[in-house]
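I keep these entries as a record of what I looked up, one topic at a time. The structure comes first, then the notes.

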Amino acid sequence: MKNKKIVVANWKMNPTTEQEAKKIFLGIKRAASKLSNIQTIVCPPFIYLNTLNKLYKGHRIAIGAQDVFEKKAGSFTGEISLGMLKLNDVEYVILGHSERRALGESSELVNEKIKLVLKSGLNVILCVGELERSDHGEHFGFLKDQILNSLKGINKNYLKNILIAYEPVWAISGNSGNKATTSENIHEMVIFIKKVLSDKYGAKNTLPKILYGGSVNPKNIEDLMLGGNTDGFLVGAASLDAEKFNYILKITAETK
Ligand code: PGA
């Protein structure tokens, strides 16, 4: 994974049927399995993990989950455990997505979940991002707190198992009408996130890869790729259409 770009498909609560899920996945597989310089990670709803897992065994596509519960087992109605995810060969878990934070998940809880996932040997995709951009730069402080609180007590040995997805909440397609932030803004925030991480962990350590998420689509991918200075992308809405997603993969693979 070291020198690869990362592209994550976050399907959220879609699609409605298993048949559609298979179709999108097989469509993505066609392109992703040919790209040696990209790690594609598909994160379907829990109910499709098992099915998708059976459709592909290989190192160029990995399966991820969109969340996990913080306790190992017990009386927790409606939740899913890490053990259940592992039995379905899940390799990555998205944690701290803004849509989960909006339901009340704090950075402290995200931190608890991150520790559980890392200790079990899986990888974390930690989502962070400000709710709005402020003319006075308050979003920098907000982001820094989110990162530091989410990573509290996490040892540097685990950095290689963490991806950070910078997702400004206001730029996520459901909130923005499909309008991403500019590549200049992304570049600036990537530098800021790297600074926060290197202040915490020391610049000598290999820091987590940084992805951008928020209305990534075929129209803006080239610009985001050229100017954003990221290690890849987390794609929501456009990942439900294999043709659109594969175009995003192609541009990410081809652009230096
Ligand atoms: P979007 O979603 O690509 O639809 O904006 C990204 C995300 O919320 O992870």
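**Serine 183**

I started at serine 183, which is found in helix H8, residues 183–201. The model is a predicted one. I then asked whether serine 183 is buried or exposed. Its relative accessibility is 3%, under the 20% cut-off, so serine 183 counts as buried. Leaving out residues up to four places away in sequence, I listed what serine 183 touches: Asp223, Leu224, Gly227 and Gly228. I noted that helix H9 runs over 221–227.

**Asparagine 229 and its loop**

Next I looked at asparagine 229. This residue lies in the loop between helix H9 (221–227) and strand E8 (232–235). Its phi is near 60°, a positive value in a residue other than glycine. For background, I wrote down that most residues other than glycine have a negative phi. Asparagine 229 counts as partly exposed because its relative accessibility is 35%, between the cut-offs of 20% and 50%.

**The ligand**

I turned to the ligand and asked which residues come nearest to it. There are 13 residues around the ligand, and Lys12, His97, Ser173, Ser215 and Gly236 come nearest. I sorted the shell by type and got 4 nonpolar, 6 polar and 3 charged residues.

I then went through the distances to ligand oxygen atoms. For serine 173, a polar side-chain atom lies 2.5 Å from an oxygen atom of the ligand. For glutamate 167, a polar side-chain atom lies 2.8 Å from a ligand oxygen. Glycine 236 comes in through its backbone: an N or O atom there is 2.8 Å from an oxygen atom of the ligand. How much of the ligand does the protein bury? Taken alone the ligand exposes 280 Å², and the protein buries 99% of that.

**Lysine 12 and proline 15**

Lysine 12 was on the list of residues that come nearest the ligand, and I checked its backbone. Lysine 12 is placed in the loop between E1 and H1. Its phi is positive, about 55°, although lysine 12 is not a glycine.

Proline 15 sits in the loop between strand E1 (5–10) and helix H1 (18–32). I looked up the peptide bond that leads into proline 15 from asparagine 14: it is cis, with omega near -10°. The background note here is that most peptide bonds are trans.

**Glutamate 99**

I followed lysine 12 to its partner. The side chains of glutamate 99 and lysine 12 are joined by a polar contact of 2.8 Å. Glutamate 99 lies in helix H4, residues 98–101. Not counting residues up to four places away in sequence, glutamate 99 touches Lys12 and Ile172. With a relative accessible area of 36%, glutamate 99 is partly exposed. I also took one spacing: glutamate 99 and lysine 86 are 13 residues apart in sequence and 23 Å apart in space, C-alpha to C-alpha.

**Serine 107**

Serine 107 lies in helix H5, residues 107–119. I found 11% relative accessibility for serine 107, so this residue counts as buried. Its side chain makes a polar contact of 3.0 Å with the side chain of arginine 101. Neighbours within four places in sequence aside, serine 107 is in contact with Arg101, Gln146, Asn149 and Ser150. I noted that helix H6 covers 138–150.

**Lysine 160**

I placed lysine 160 in the loop between helix H6 (138–150) and strand E6 (162–166). Lysine 160 is exposed because its relative accessible area is 59%, over the 50% cut-off. The side chain of lysine 160 reaches the backbone oxygen of asparagine 157 at 3.0 Å. Between lysine 160 and valine 124 I read 36 residues in sequence and 9.7 Å in space, C-alpha to C-alpha.

**Cysteines**

Last, I asked how many disulfides there are. The count comes to 0 disulfides. The closest cysteine sulfur to that of cysteine 43 is in cysteine 127, at 9.1 Å, which is too far for a bond because a disulfide needs the sulfur atoms within 2.5 Å. Starting from cysteine 127, I got cysteine 43 as the closest, at 9.1 Å. Cysteine 43 is buried, with a relative accessible area of 0%, and cysteine 127 counts as buried at 1%.

Definitions and conventions:
Residues numbered from 1 in each chain as written. Predicted model: local features only at pLDDT ≥ 70, side-chain atom pairs only at ≥ 80, totals over all residues. Heavy atoms only, no water. Helix = DSSP H or I, 4+ residues; strand = E, 2+ residues; numbered from the N terminus. Buried < 20%, exposed > 50% of the residue type's maximum accessible area, 1.4 Å probe, protein only. Polar contact = N/O pair within 3.5 Å; in protein donor to acceptor, adjacent residues only side chain to side chain. Contact = heavy atoms within 4.5 Å. Near = heavy atom within 4 Å. Areas by Shrake-Rupley, 256 points an atom, 1.4 Å probe, with all protein chains shown as cover. Nonpolar A, V, L, I, M, F, W, Y, C, P; charged D, E, K, R; others polar.
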